[in-house]
Amino acid sequence: MNLLVTGGCGFIGSNFVRYWLGQHPQDQVVVYDKLTYAGRRENLHDLWNDPRLELVVGDIGDLALVRQTCQTKNIDLIVNFAAETHVDQSILGPLVFTETNVRGTHVLLEVVRELGIRLHHISTDEVYGHIRDGHQSVETDELAPRSPYAASKAAADQLVQAYFITYGLPVTITRGANNVGPYQYPEKAVPLFSTNALLGEPLPVYGDGQQMRDYAHVYDHCTGIETVLLRGEAGQVYNVGTGREMTNLEMVDIVLTTLGKDYALVKHVADRPGHDRRYSMNVEKLRRLAWEPRYDPKEAVAEATKWYAQNEWWWSPIRSGEFREYYDRQYAQRLAEGGAQ
Ligand SMILES: NC(=O)c1ccc[n+]([C@@H]2O[C@H](COP(=O)([O-])OP(=O)(O)OC[C@H]3O[C@@H](n4cnc5c(N)ncnc54)[C@H](O)[C@@H]3O)[C@@H](O)[C@H]2O)c1
């Protein structure tokens with residue numbers, strides 16, 4: 001197969017490319033990526049000399065370039081990871097989220113419709129919104145997104161489903177839980193807290209830190225996507241996570257324990273507006289396709305943390321570059337003021 005992996009220079013996309021080429025040595029992969037701040041060539045540093053991999057730098061909103069790339073590279077399948085992905089950035093500047101996540105996905109659907117190729121779309125548990133205690137989201141639940149990021153992902157998810165219903169296209173969707181693992185941009189919680197702790201800086205924890213998350217290892221997300229690509233049914237949606245949760249404070253505790261750092265580094269700061277208290281997904285539908293996660297959430301967070309401890313070469317240039325400006329905008333005042341516990 002020839003795969004077009006959009007967003008393949010990002011966190012999950014690059015892990016997926018590495019996983020896929022390892023498991024499917026006959027396949028060719030074209031990474032199609034705009035190389036935003038989150039898309040980094042070095043995420044695939046070990047693979048650029050591999051003749052099975054190439055990079056096209058482009059925007060998924062560029063219909064002519066997506067079409068031309070699919071035609072000239074004989075693409076059989078698009079796996080769409082490309083997105084603006086950070087909730088805090090979507091609060092600071094939401095329009096680009098609609099541009100990439102909604103319009104960009106729509107462009108991919110149009111190319112898929114025209115050329116008759118398959119699309120697998122990566123969605124998120126955040127489309128379900130805040131989940132009440134005692135419930136776990138199933139794939140047929142209503143979508144109730146509560147941030148500009150989640151709303152843009154929900155719109156894309158529904159467009160993909162609408163294209164299946166209207167045009168009968170061969171599309172599938174996975175909704176991933178909070179992923180952790182190598183090459184995650186340090187704006188996200190686990191790499192942020194790991195690298196802050198390694199640098200001896202405070203760990204800014206939003207609000208009381210009691211938000212519940214399913215921290216799934218990116219490896220298990222990759223095997224979940226592979227399972228759907230090999231055995232999933234067209235038009236279907238599959239949740240991918242561990243089905244287990246922990247609080248953000250428990251996650252912080254694992255990060256600090258793994259690094260041997262002191263809890264005194266934790267600083268509670270003003271919460272994110274509209275911060276969802278709980279995500280939780282039922283993953284039985286994917287299990288029925290003979291998939292099982294390798295890592296439980298505690299192992300996932302500990303493994304991810306160890307990777308940041310061992311790969312300063314990767315995060316150190318990011319932390320001293322444009323990331324600093326974002327970090328100060330997001331946290332400087334919050335850290336100065338402190339927050340409720
Ligand atoms: N990180 C998570 O915990 C998580 C959980 C569930 C689902 N997801 C979804 O998985 C996908 C990948 O997430 P991630 O965490 O790897 O994101 P990321 O931010 O690390 O990477 C996103 C990638 O998309 C590229 N990109 C952005 N805009 C583009 C555009 N217009 N055209 C082409 N490329 C563009 C970026 O350059 C980058 O390489 C996203 O769709 C996200 O919504 C993420």
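In this predicted model, the side chain of R294 lies over the face of Y219, at 4.1 Å from the ring centre. A second arginine is placed in a comparable way with respect to a tyrosine, since R113 lies over the face of Y167, at 4.5 Å from the ring centre.

R113 also leads the reader to the salt bridges, because its side chain meets that of E110 in one of them, with 3.0 Å from N to O, and R113 counts as partly exposed at 38% relative accessibility. Its partner E110, at 25% relative accessibility, is likewise counted as partly exposed. Both residues belong to helix 4, where they stand 3 residues apart, about one turn of the helix. Helix 4, which covers residues 95-115, also holds E99 and R103, and these are 4 residues apart, again about one turn. The side chains of E99 and R103 form a salt bridge with an N to O distance of 4.0 Å. E99 counts as partly exposed because its relative accessibility is 45%, and R103 is placed in that class because its value is 42%.

Where does E187 stand, buried or exposed? With a relative accessibility of 2%, E187 counts as buried, and K188, at 17%, counts as buried too. These two residues form a salt bridge whose closest N and O atoms are 3.7 Å apart. Elsewhere, E201, R319, R324 and D328 are joined by salt bridges into a network, and the count for the whole structure comes to 20 salt bridges.

Aromatic rings offer another way to read the model. A pair of such rings is described by the distance of the centres and the angle of the planes. The structure holds 17 aromatic pairs. In one of them, the rings of Y183 and W307 have centres 4.7 Å apart and planes at 55°, so the pair is tilted. This pair links distant parts of the chain, for Y183 sits in the loop between strand 7 and helix 6 while W307 lies in helix 10, 124 residues away. Both Y183 and W307 are buried.

The pair of Y327 and Y331 is also tilted, because the ring centres are 5.0 Å apart and the planes stand at 45°. Here the partners are separated by about one helical turn, because they lie 4 residues apart in helix 12, which spans residues 323-337. Y327 and Y331 are both buried, and they take part in a cluster in which ring pairs link them with Y37, Y185, Y206, F323 and Y326.

Conventions. Residues numbered from 1 in each chain as written. Predicted model: local features only at pLDDT ≥ 70, side-chain atom pairs only at ≥ 80, totals over all residues. Heavy atoms only, no water. Helix = DSSP H or I, 4+ residues; strand = E, 2+ residues; numbered from the N terminus. Buried < 20%, exposed > 50% of the residue type's maximum accessible area, 1.4 Å probe, protein only. Phe/Tyr/Trp six-rings, centres within 6.5 Å; stacked < 30°, edge-to-face > 60°. Lys NZ or Arg CZ within 6 Å of the ring centre and 35° of its normal.
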